[in-house]
Amino acid sequence: MKKLSRMESNKEARRVLNRHGVDLSYCQFSCAGSEIRMTGWLCKYDGSDFSGQMVEAMISDLQKQLPGISVFGDLDNWQFTTDHISFLGGNEEASEGNGGEDNSERYEIDTDEAS
């Protein structure tokens with residue numbers, strides 16, 4: 001498979017994030033090398049939060065569209081890598097100043113795919 005340029009990788013990542021309904025006015029991303037890094041606040045266009053399964057599907061879709069890429073999210077309400085997902089809290093928790101870290105939920109991503 002042909003290696004994508006940084007511009008092509010960013011363009012493909014933007015397509016995937018748009019397909020999953022990510023509001024890119026709150027969430028920033030950047031592709032560099034074999035990584036996608038996301039920062040800011042992960043929410044949908046209507047302002048609602050994602051579920052763990054939705055985040056997992058988005059990560060999986062990014063990896064399908066950009067093979068060999070690692071996904072890292074260091075967001076105000078979510079932290080994730082290609083191995084785990086942690087929900088730090090919704091709008092209410094973030095406004096209290098702790099980022100919802102006391103109420104975090106951790107999800108493990110199942111990387112065993114039947115081929």
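## A walk from Arg15 to the pocket

Start by selecting Arg15, which is partly exposed, with a relative accessible area of 44%. Keep in mind along the way that this is a predicted model.

**Stop 1: Arg15 and Glu12**

Show the side chain of Glu12 as well. Arg15 and Glu12 meet in a salt bridge, 3.2 Å from N to O. Both belong to helix α1, residues 6-19, and because they are three residues apart there, about one helical turn separates them. Is Glu12 buried or exposed? Glu12 has a relative accessible area of 16%, so it falls on the buried side, given that buried means under 20%. This pair therefore joins a buried acid to a partly exposed base.

**Stop 2: Asp61 and Arg19**

Now select Asp61 and Arg19, whose side chains form another salt bridge, at 3.3 Å from N to O. Arg19 sits in helix α1 and Asp61 in helix α2, so this pair ties together parts that lie 42 residues apart in sequence. Helix α2 covers residues 52-65. Asp61 is buried at 14% relative accessible area, whereas Arg19 counts as exposed at 51%.

Which residues does Asp61 touch, not counting those up to four places away in sequence? They are Val16, Arg19 and His20, so display those three side chains around Asp61 before you leave.

**Stop 3: Glu35 and Arg37**

The structure holds three salt bridges, and one of them joins Glu35 to Arg37, again with an N to O distance of 3.2 Å. Colour this pair by accessibility: Glu35 is partly exposed at 28%, and Arg37 is partly exposed too, at 43%.

**Stop 4: the whole chain**

Zoom out and switch to a cartoon. You should find three helices and six strands. Tracing from the N terminus, the order of elements is α-β-β-α-β-β-β-α-β. The chain has 115 residues, of which 38% count as buried. If you draw a contact map and keep contacts with a separation of 6 or more, 47% of them come from residues 24 or more positions apart.

**Stop 5: the nonpolar core**

In soluble globular proteins, nonpolar side chains tend to be buried together. Here the largest nonpolar core has 24 residues. To pick out the members with the most contacts inside this core, select Met38, Leu42, Val55, Met58, Trp78 and Phe80.

Which elements give two or more residues to this core? They are α1, α2, β1 (27-32), β2 (35-40), β3 (70-75), β4 (78-80) and β5 (84-87). The largest share, four residues, is the one from α2.

For a closer view, centre on Val55. Leaving aside residues up to four places away in sequence, Val55 touches Leu42, Phe50, Trp78, Phe80 and Ile85.

**Stop 6: Val22**

Next, go to the loop between α1 and β1, where you will find Val22. Val22 counts as buried, at 0% relative accessibility. Apart from residues up to four places away in sequence, Val22 touches Leu17, Cys27, Leu42, Cys43, Tyr45, Phe50 and Met58. Phe50 and Leu42 are thus among the contacts of Val22, and they are also among those of Val55.

Try the distance tool on Val22 and Phe50: their C-alpha atoms are separated by 8.9 Å, with their positions 28 residues apart along the chain.

**Stop 7: Ser60**

Return to helix α2 and select Ser60. Ser60 is partly exposed, at 26% relative accessibility. Add Ile109 to the selection; its C-alpha is 9.4 Å from that of Ser60, while the two residues are 49 apart in sequence.

**Stop 8: the largest pocket**

Finish with a surface view. Rolling a probe the size of a water molecule over the atoms shows where empty space is left. The largest pocket has a volume of about 240 Å³. It is lined by 16 residues, and those closest to its centre are Lys3, Leu4, Ser9, Gly33 and Pro67. Highlight α1 and β1, the elements that give two or more residues to this lining.

How do the residues of the lining divide by type? Seven are nonpolar, six are polar and three are charged.

Key: Residues are numbered from 1 along each chain as its sequence is written. This is a predicted model: local features need pLDDT of at least 70, side-chain atom pairs count only at pLDDT 80 or more; totals for chains, interfaces and linings use all residues. Side-chain values use heavy atoms; hydrogens and water are left out. Contact means heavy atoms within 4.5 Å. A salt bridge is a side-chain nitrogen of Lys or Arg within 4 Å of a carboxyl oxygen of Asp or Glu. Buried means under 20% relative accessible area, exposed over 50%, partly exposed in between (1.4 Å probe, protein chains only). A nonpolar core is a set of buried Ala, Val, Leu, Ile, Met, Phe, Trp, Tyr and Cys residues joined through side-chain atoms within 4.5 Å. On a 1 Å grid over the protein atoms alone, a cavity is a set of points where a 1.4 Å probe fits but cannot get out, and a pocket is an open set with protein on both sides within 12 Å along at least five of seven lines; lining residues have an atom within 4 Å of a point. Grid points are joined across faces, edges and corners, and a volume is the space filled by probe spheres set on the points. Ala, Val, Leu, Ile, Met, Phe, Trp, Tyr, Cys and Pro count as nonpolar, Asp, Glu, Lys and Arg as charged, and the others, Gly among them, as polar.
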